[in-house]
Amino acid sequence: MTRTSTPKTKNVVQTTSQVEEPKRYKVILLNDDYTTMDFVVYILEKIFLKRRAEAVGIMLKVHRQGAGIAGIYVQEIAEAKCALVHEIAGAHGYPLHCIMEVE
Ligand code: TYC
């Protein structure tokens with residue numbers, strides 16, 4: 001079937017974005033006196049997918065300064081990674097703690 005009448009709607013030019021970028025969250029590892037350095041490096045490698053050298057660097061920063069950024073993610077991923085850290089650390093008897101902070 002062919003359409004002979006003129007379309008009734010005008011073309012609309014979109015001038016602004018209608019979707020916001022999702023907020024990003026820093027996952028911040030906190031220092032403590034009981035978790036071993038090796039375990040923190042392991043967590044940074046396995047959960048935050050850091051290479052060994054970077055993982056060691058982040059761990060040492062947390063050890064010396066009290067806190068350090070393990071990674072930056074959208075909310076759901078940051079929450080999942082934080083929960084995994086607490087779950088795995090707890091299972092090994094370590095008090096390793098991380099928090100989230102909006103970027
Ligand atoms: N301070 C710990 C120690 O001396 C090491 C450590 C580093 C613990 C980073 C937690 O997030 C942390 N064994």
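Visitor: Is T35 buried or exposed in this model?
Guide: This is a predicted model, so the answer is computed from its atoms. T35 is found in the loop between β1 and α1. Residues under 20% relative accessible area count as buried. With a relative accessible area of 11%, T35 is therefore buried.

Visitor: Which residues does T35 touch, leaving aside its neighbours within four places in sequence?
Guide: One link is polar: an atom of the T35 side chain is 3.4 Å from the backbone nitrogen of L96. T35 is also listed among the residues around the ligand. Setting aside neighbours within four places in sequence, the contacts of T35 are V40, Y94, P95 and L96.

Visitor: Which residues are around the ligand?
Guide: Two helices take part, since α1 (37-46) and α2 (52-65) each supply at least two residues of the shell. T35, from the loop between β1 and α1, is there as well. The full set is L30, N31, D32, T35, M37, V40, M59, V62, H63 and L96.

Visitor: And which element gives the most to that shell?
Guide: Helices α1 and α2 both bring at least two residues to the ligand. The leading contributor gives three residues, and that element is α2.

Visitor: Which residue has a polar side-chain atom 2.7 Å from a nitrogen atom of the ligand?
Guide: Let's go through the polar pairs. L30 uses a polar backbone atom, 2.8 Å from an oxygen atom of the ligand. D32 also uses a polar backbone atom, 2.8 Å from a nitrogen atom of the ligand. The side-chain atom you ask about belongs to N31.

Visitor: How much of the ligand's accessible area does the protein cover?
Guide: Among the polar partners of the ligand is the side chain of N31, 2.7 Å from a ligand nitrogen. On its own, the ligand has 350 Å² of accessible area, and the share covered by the protein is 88%.

Visitor: Good, now the fold. In what order do the elements run from the N terminus on?
Guide: There are three helices and three strands to place along the chain. Read from the N terminus on, they run β-α-α-β-α-β.

Visitor: What is the order of the strands in the sheet?
Guide: Strand β1 (residues 24-30) pairs with β3 in the antiparallel sense over six bridges. β1 also pairs with β2, again antiparallel, over seven bridges. β2 (67-74) and β3 (97-102) each have a single partner strand, so they stand at the edges. The order in this open sheet is β2-β1-β3.

Visitor: How many degrees does the twist average from one strand to the next?
Guide: The sheet is an open one of three strands with antiparallel pairing. From one strand to the next, its twist averages 30 degrees.

Visitor: Which residue is the bridge partner of L30 in β2?
Guide: It helps to follow β1 along its partners. Towards β3, Y25 has V102 as its bridge partner, and K26 stands opposite E101. On the β2 side, the bridge partner of L30 is A67.

Visitor: How many of the seven residues of β1 are buried?
Guide: β1 has pairing partners in both β2 and β3. Helix α3 (residues 75-91) also lies across β1, β2 and β3, running at about 165 degrees to β3. β1 is mostly covered, and the number of its seven residues that are buried is five.

Visitor: Against which elements do the buried residues of α1 pack?
Guide: An α-helix has 3.6 residues a turn, so residues three or four places apart point the same way. In α1, the buried residues are F39, V40, V41, I43, L44 and E45. They pack against β1, α2, β2 and α3.

Visitor: Is L49 buried or exposed?
Guide: L49 sits in the loop between α1 and α2. Its phi is near 55 degrees, a positive value in a residue other than glycine. Residues over 50% relative accessible area count as exposed. At 66% relative accessibility, L49 is therefore exposed.

Visitor: To finish with the whole chain, what share of its contacts with a separation of 6 or more joins residues 24 or more positions apart?
Guide: The chain has 103 residues, of which 31% count as buried. Its accessible surface comes to about 7700 Å², with 53% belonging to carbon and sulfur atoms. For the contacts you ask about, the share is 72%.

Terms used. Residues numbered from 1 in each chain as written. Predicted model: local features only at pLDDT ≥ 70, side-chain atom pairs only at ≥ 80, totals over all residues. Heavy atoms only, no water. Pairing = 2+ DSSP bridges. Helix = DSSP H or I, 4+ residues; strand = E, 2+ residues; numbered from the N terminus. Axes fitted to C-alpha atoms, helices over the stretch in contact; angles between N-to-C directions. Contact = heavy atoms within 4.5 Å. Buried < 20%, exposed > 50% of the residue type's maximum accessible area, 1.4 Å probe, protein only. Areas by Shrake-Rupley, 256 points an atom, 1.4 Å probe, with all protein chains shown as cover. Near = heavy atom within 4 Å. Polar contact = N/O pair within 3.5 Å; in protein donor to acceptor, adjacent residues only side chain to side chain.
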